[in-house]
Amino acid sequence: MDDLNLYVLTFNCARNIVDVDVFADHFFDALPASGAGSSAPDLIFLSLQEIAPIAYSFLGGSYLSPYFDGFRRAVQKASAQKWSHHYVNFLTENTGMTGLMLFAREDTLAKIAWSDTAHVGFGVQEMGNKGAVGARLGYVVEGLPSKTVDLTFVAAHLAPMEDLYEQRNMDWKSIVERLVFTHDTKRPAEGSTANENTGLLDDAATAHAEGSRRDLFAPNAYLFLAGDLNYRTSNVGPSIREIEHFPRRNVDIDNPSHYSHLLKNDQLVREMSYGRTFHSLSEAPIHFPPTYKYSDAAREAVRRGLDTDELEWNWSTHRWPSWCDRVLYLDKPSWVGEAGKVKPLAYNALPLFAQSDHRPVALVVSVPLLPSNESSDTENIRAVAPFSIDPSWKSKRDAARRKEIAVGAVAYLGLTREGNGLLLASLLGVIGAWFILRSMLEV
């Protein structure tokens with residue numbers, strides 16, 4: 001049985017354009033040095049939060065192009081340096097400030113039979129300052145071109161602050177209830193030229209559109225959710241005395257300052273164990289220090305090229321160091337047994353980059369290529385979704401999108417140089433027109 005290798009990376013961009021050269025040099029740092037998972041992945045999934053300022057994020061389209069283009073160039077440079085491979089960015093979507101990018105290795109692109117997308121905002125007035133964006137695709141099984149392995153990817157950014165863990169649980173509920181796939185399936189634009197399998201791939205896409213469930217927990221799909229989930233290691237901020245016990249570098253595991261002791265207080269692990277959030281999902285063991293929040297001094301020192309290893313333990317003193325950046329997955333879909341179980345091969349954090357107070361986190365995972373079986377008795381094999389689809393999901397998203405455009409336009413005019421220039425030019429034009437009209441009336 002063949003496997004599909006995935007590289008899943010989540011990064012809070014802090015509204016900055018990525019430094020292509022630096023990011024590319026470390027992009028694949030989470031890959032094992034050898035053995036399983038060390039080769040070029042078949043698919044790459046990027047989950048990006050705070051990808052751009054709110055004006056550009058809410059307006060979308062070409063306003064986001066420079067931000068997404070930076071990651072496209074970083075992936076191409078990183079893969080060319082490591083393997084001389086080329087990756088195609090076949091899908092890019094965003095919900096407000098949260099973005100999702102999917103890349104396929106050039107020789108695997110033709111195996112993607114169809115893709116589908118979904119969006120939900122749960123920020124202010126259900127807008128996308130916080131939210132999730134999803135993609136679902138069918139990957140063709142070798143020798144069975146009319147059968148696909150179905151994969152669901154979700155990029156998410158939940159509510160911040162230590163004490164808002166219950167709101168984060170509600171954000172998860174919103175994802176389950178309102179992240180609904182439309183069945184508007186399509187093939188990737190590149191690499192989709194006609195061949196002997198094209199008709200069979202189209203049949204697979206049609207079957208998906210006609211027979212699959214639209215919710216997050218489609219029984220015949222693997223599921224990967226990555227993002228800044230914002231769960232912290234305390235319900236309140238740190239006191240001055242507690243700062244002394246922040247995780248430190250090169251200490252024994254029995255030392256109270258070893259990060260493993262702080263991990264015991266992780267809200268996400270706690271809330272999942274109580275069945276309050278991310279129902280049915282799993283996470284690979286964490287063997288890396290917290291990924292948030294780094295001090296401005298640390299970021300400035302990284303910018304100047306100082307000792308990165310030491311700086312990765314330089315925390316901001318007004319927030320508990322926390323594992324905000326996570327990758328979760330459904331360990332096996334309902335139609336397979338242990339043979340179809342997802343196999344995590346590596347789970348690690350990348351270095352600290354100057355433009356963000358988060359470290360990126362990446363999961364390397366192997367997915368068995370077992371085709372979907374829509375006829376399986378899914379209700380008896382796996383628990384149904386923890387929440388039902390909100391019947392008003394579409395009207396809520398449409399209303400929120402209209403608000404995003406309005407807020408984005410105001411923010412563009414008031415908070416960006418281009419918008420300020422446009423506003424000034426418009427004002428001068430109005431004043432000029434008034435003087436011309438006045439002079440004409442006085443004649």
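A residue is taken as buried when its relative accessible area is under 20%. With that cut-off in hand, helix α4 makes a good place to begin in this predicted model. The buried residues of α4 are Tyr165, Arg168, Asn169, Asp171, Trp172, Ser174, Ile175, Val176, Glu177 and Arg178. They make up 10 of the 14 residues of α4, so the helix is largely enclosed by the rest of the structure. Running from residue 165 to residue 178, α4 covers 20 Å between its first and last C-alpha, close to the 20 Å expected at 1.5 Å a residue.

Two residues of α4 also meet a neighbouring part of the chain. Glu271 sits in helix α8, which spans residues 267-273. Apart from neighbours within four places in sequence, Glu271 contacts Tyr165, Asn169, Tyr231, Arg276 and Thr277. Is Glu271 buried or exposed? With a relative accessible area of 1%, Glu271 is buried.

Stepping back to the whole molecule, the protein chain holds 13 helices and 11 strands. Of its 443 residues, 54% count as buried. The chain exposes about 19100 Å², and carbon and sulfur atoms supply 53% of that area. Among contacts with a separation of 6 or more, 76% join residues 24 or more positions apart.

The nonpolar interior can be described through its cores. The largest nonpolar core has 53 residues, and within it Leu151 and Phe224 touch the most other members. Strand β6 (residues 131-141) provides the largest share of this core, with 5 residues. A second, separate core has 37 residues, among them Ala24, Ile51, Ala74 and Phe103. Returning to Leu151, its contacts, not counting residues up to four places away in sequence, are Leu4, Leu43, Ala135, Arg136, Leu137, Tyr139, Ala221, Tyr222, Phe224 and Val367.

Helix α3 offers another view of how a helix is covered. This helix, residues 65-82, has 18 residues and reaches 26 Å from first to last C-alpha, close to the 26 Å expected at 1.5 Å a residue. Its buried residues are Tyr67, Phe68, Gly70, Phe71, Ala74, Val75, Ala78 and Ser79. Seen down the axis of α3, these buried residues fall within an arc of 150 degrees, so they line one face of the helix. The elements that cover them include strands β1 (3-12), β2 (43-49), β3 (87-95) and β4 (98-105), together with helices α1 (20-26) and α2 (54-59). Just after α3, Ser84 adopts a positive phi of about 65 degrees.

Asn348 is placed in strand β10, residues 343-349. At 33% relative accessibility, Asn348 counts as partly exposed. Leaving aside neighbours within four places in sequence, Asn348 is in contact with Ala30, Phe288, Pro360, Val361 and Ala362. For one of these partners, Ala362, the C-alpha to C-alpha distance from Asn348 is 5.7 Å, while the two residues are 14 residues apart in sequence.

A word on confidence rounds off the picture. The mean pLDDT of the protein chain is 87, and 85% of its residues reach 70 or more. Over residues 374-381, however, the pLDDT is below 50, and this stretch has 9 contacts in the model beyond near neighbours in sequence. Where pLDDT is low, predicted coordinates should not be read in detail.

Technical notes: Residues are numbered from 1 along each chain as its sequence is written. This is a predicted model: local features need pLDDT of at least 70, side-chain atom pairs count only at pLDDT 80 or more; totals for chains, interfaces and linings use all residues. Side-chain values use heavy atoms; hydrogens and water are left out. A nonpolar core is a set of buried Ala, Val, Leu, Ile, Met, Phe, Trp, Tyr and Cys residues joined through side-chain atoms within 4.5 Å. Buried means under 20% relative accessible area, exposed over 50%, partly exposed in between (1.4 Å probe, protein chains only). Helices (H or I, at least four residues) and strands (E, at least two) are DSSP runs, numbered from the N terminus. Contact means heavy atoms within 4.5 Å. The expected span of a helix is 1.5 Å times one less than its number of residues. The arc is that of the directions from the helix axis to the C-beta atoms. Accessible areas come from the Shrake-Rupley method with a 1.4 Å probe; for residues, only the protein chains shown count as cover. pLDDT is the predictor's confidence in each residue, from 0 to 100.
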